[in-house]
Amino acid sequence: MNPNLGRQRVVVENVRPQVDAGRFAVKRALGDRIVVEADSFADGHDIMRCNFLLRHESQPQWTESPMQPQGNDLWRSEFLADQLGRYEYSVEAWIDHFHTWRYGLRKKHEAGQDVSVELLIGAELVSAAHRRVTQIGKRNLFAEDAKYLAAAAKQLEEPGKQPADAIQLALSDELLARMDRFPDRQFATRHPTLAITVDPLRARFSAWYEFFPRSTATRRGEHGTFKDCLSRLDYVQQLGFDVVYLPPIHPVGEAFRKGKNNATSARTDDVGSPWAIGGVAGGHREILPELGTLADFRSLVEAARTRDISLGIDIAFQCSPDHPYVKQHPNWFRARPDGSIQYAENPPKKYQDIFPFDFETDDWQALWNELTEVVLFWARQGVRVFRVDNPHTKPFDFWEFLIGNVKRNFPETIFLSEAFTRPKIMYRLGKLGFTQSYSYFTWRTLKAEFIEYFTELTQTPVRETFRPNLWPNTPDILPEYLHSGSPPVFSMRLLLAATLGANYGIYGPAYELCEHLPREHKSEEYLDSEKYQLRHWDLNSPRSIAPLITKVNQIRRQQPALQNDWNLDFHPTDNDQLLCYSKSTDDKSNIVVMVVNLDGHQEQHGFITLPLDQWGIDHSRPFEIEDLLTGAHYQWQGPREYVELHPDQQPGHIFRIRG
């Protein structure tokens, strides 16, 4: 037990930010200014001090800075997150007897009272500080301080015939500064250490584009290669995306290979599902031969980097029956009573081409280590972005182990969680270290749904660890609202994804070409899904909404307000088919207002109400706005304005309020 526990009079509590009493690290991005607050107080009326302690994981020593009182026992400090990786921080507070004494001395002296005893008390305090200085190992460094404090203690103890000089010394700024350098903290209260993970900027602001490399061949029917992907990178760069994500690039199994449209039997020319990983050519550390070589892949990673694009790959921890793991480590899979290995099921659906790992195996430590080495292998090839398939079907502790190991070696790594599951599970994965996560945006369609969901994501403690990434479609999900194939509907959903969230993505070229036919009525499966066959895309189709995507991505890069999630604010409209919301920078130098027609098929009009007082805009004077999508300029006055949107002409407005 701490022998000083009973003499620690200061309380330090409610330190924020923190998650689950410090069990998990909060998340920030490189360059963020992080505000740390704490409630700290003590009994009685003694003066107390409160320090903020900070240490990056690469630094052996803590740095300290005084926290500033904000009133009502609230203390605040801030720092710039200028290094990737993990920071540790804490708050320490203590009674400062010297400050308390100095304050009382001044009051008594100003009241004309005898302060001779107070000077003796001060001498004891200064002498104690002198002893603390001499006990420090670097005596030469603090020799001047020691000399000064010794002389000051003597003068306070023996003021002689000139007590006024002793009082002047006692109240001097110089003595105060030296005493502050060596405070008495033996009874200080220190809050348990908390942590912040600082991720690269693209963790907070990014635009993702997913495509299948095997469908990039210039001639119909041919299998695409990594070399073919180079021209697709140019296309994606022109659209304005900065993250490219590839589905699994590994050898595909032959056993129980799926055919076109998820047929249970494949023809000889069927390419199978890339998520059925493993074959004669190897497993999770090998490349599908039809795509090229490992050297070709590394060249693609470098080509993306030169275009300022981060190339990400899919991590799907499952195996085809042909995967080398099945023979090398049969105990990593669950055996059935008949001796066969349990394949994946979601009754009544059967996925005989996929064997899930058995994370309850007695050999779980070897399994964890091997799968972690898989991710590290690809990180060594230059990959810094991983989209993780179905992480909610693997143990939570496993992900904390894997992500922690990878980020210790490669702190700039981004992990995207593909966990379309219950909210608490999705949030737990965020706490465990996943940088971003897919979200329920894909299925939100009503005004009330958007407001409720995004208020939860951006204005509650969830935001400390859960970064949503908004996808209007994926290779697995063709939402019913896209089944009409109407380009205005695709445009509307693109506009919502790109402006409600700082991180968003699309599966293309299916999205910009308005691919909309389901395999079955009301099914979310694509007809002729790219998951099971090669596709040839006409990127120059007149139906393409690529020009809108390019414009929206350009606007996102130019408007700082759109590069954050936490500044989202919804505003009233008198038409539930109109969604109005804004984002602004802290200093209000950049204010962007979005109005979107949620109908997508018919004209909608109505009045919106804006918080001009909150933005510092005078109601009585006109102000100028610019529609960033069209370049049109308008003058508005007052908080209430009329808008109308015709889907065939424009899915919504992105207004910038001009100062």
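# A selection tour, from Asp180 to the open sheet

Select Asp180: at 25% relative accessibility, this residue counts as partly exposed. Buried means under 20% and exposed over 50%, so a value of 25% falls in between. Keep in mind that this is a predicted model.

**Stop 1: around Asp180**

Asp180 sits in helix H5, residues 173–181. Now show its neighbours. Leaving aside residues up to four places away in sequence, Asp180 touches Arg49, Asp96 and His99. Turn to the side chains of Asp180 and His99. They are joined by a polar contact of 2.8 Å.

Next, add Arg232 to the selection. How far apart are Asp180 and Arg232 in space, C-alpha to C-alpha? The distance is 62 Å, with their positions 52 residues apart in sequence.

**Stop 2: helix H2**

Stay with H5 and bring in helix H2, residues 116–135. H5 is among the elements that the buried residues of H2 pack against. The others are helix H1 (97–110), helix H3 (143–157) and helix H4 (163–170). Colour the buried positions of H2: Glu118, Leu119, Gly122, Ala123, Val126, Ala128, Ala129 and Val133.

Then check the length of H2. What span should its 20 residues give at 1.5 Å a residue? The expected value is 28 Å. The C-alpha atoms at the ends of H2 are 29 Å apart, which agrees.

**Stop 3: helix H12**

Select residues 423–432, which make up helix H12. Its buried residues are Ile425, Met426, Tyr427, Leu429, Gly430 and Leu432. Show what covers them. The cover includes two helices, H11 (396–409) and H13 (447–459). It also includes strands E2 (26–29), E19 (414–418) and E20 (436–438). Step past the end of H12 to Gly433, where phi is positive, near 135°.

**Stop 4: the loop between E1 and E2**

E2 was part of the cover over H12. Go back along the chain to the loop between strand E1 (10–16) and E2, where Pro17 is found. Most residues other than glycine have a negative phi, and most peptide bonds are trans. Look here for departures from both habits.

- Arg16 to Pro17: this peptide bond is cis, with omega near 10°.
- Ala21: phi is positive, about 55°, although this residue is not a glycine. Ala21 lies in the loop between E1 and E2. At 72% relative accessibility, it counts as exposed.

**Stop 5: strand E22**

Jump to strand E22, residues 503–507. How many of its five residues are buried? Five of the five are, so E22 is largely enclosed by the rest of the structure. Follow the side chains. Asn503, Gly505 and Tyr507 point one way, and Tyr504 and Ile506 point the other way.

Now add strand E11, residues 206–210. E11 and E22 run parallel and are joined by five bridges. For one position to label, take Ala207, which stands opposite Tyr504 in E22.

Continue past E22 into the loop that leads to helix H15 (546–558); Pro509 lies there. The peptide bond from Gly508 to Pro509 is cis, with omega near -5°.

**Stop 6: the cysteines**

Select Cys514, which counts as buried at 2% relative accessibility. Then pick Cys319, also buried, with a relative accessible area of 0%. How many disulfides does a search of the whole structure find? It finds zero.

**Stop 7: the open sheet**

Finish with six strands that form an open sheet. Step across them in the order E23-E24-E25-E30-E27-E28; the pairing is antiparallel. Which strands stand at the edges? They are E23 (569–571) and E28 (633–636). Each has a single partner strand, so one side of each is left without a neighbour in the sheet. From one strand to the next, the twist averages 30°.

Zoom in on strands E27 (residues 623–627) and E30 (residues 652–658). Four bridges join this antiparallel pair. Label Glu624 and its bridge partner in E30, Arg658.

Last, move to the loop between strand E24 (578–584) and strand E25 (591–597), and select Lys588. Its phi is positive, about 60°, although Lys588 is not a glycine. At 29% relative accessibility, Lys588 counts as partly exposed.

Definitions and conventions: Residues are numbered from 1 along each chain as its sequence is written. This is a predicted model: local features need pLDDT of at least 70, side-chain atom pairs count only at pLDDT 80 or more; totals for chains, interfaces and linings use all residues. Side-chain values use heavy atoms; hydrogens and water are left out. Two strands pair if DSSP finds at least two bridges between them. Axes are lines fitted to C-alpha atoms, for helices over the stretch in contact, and angles run from 0 to 180 degrees between N-to-C directions. Buried means under 20% relative accessible area, exposed over 50%, partly exposed in between (1.4 Å probe, protein chains only). Contact means heavy atoms within 4.5 Å. A polar contact is a pair of N or O atoms within 3.5 Å; within protein, one must be able to donate a hydrogen and the other to accept it, and residues adjacent in sequence count only if both atoms are side-chain atoms. A disulfide is a pair of cysteine sulfur atoms within 2.5 Å. The expected span of a helix is 1.5 Å times one less than its number of residues.
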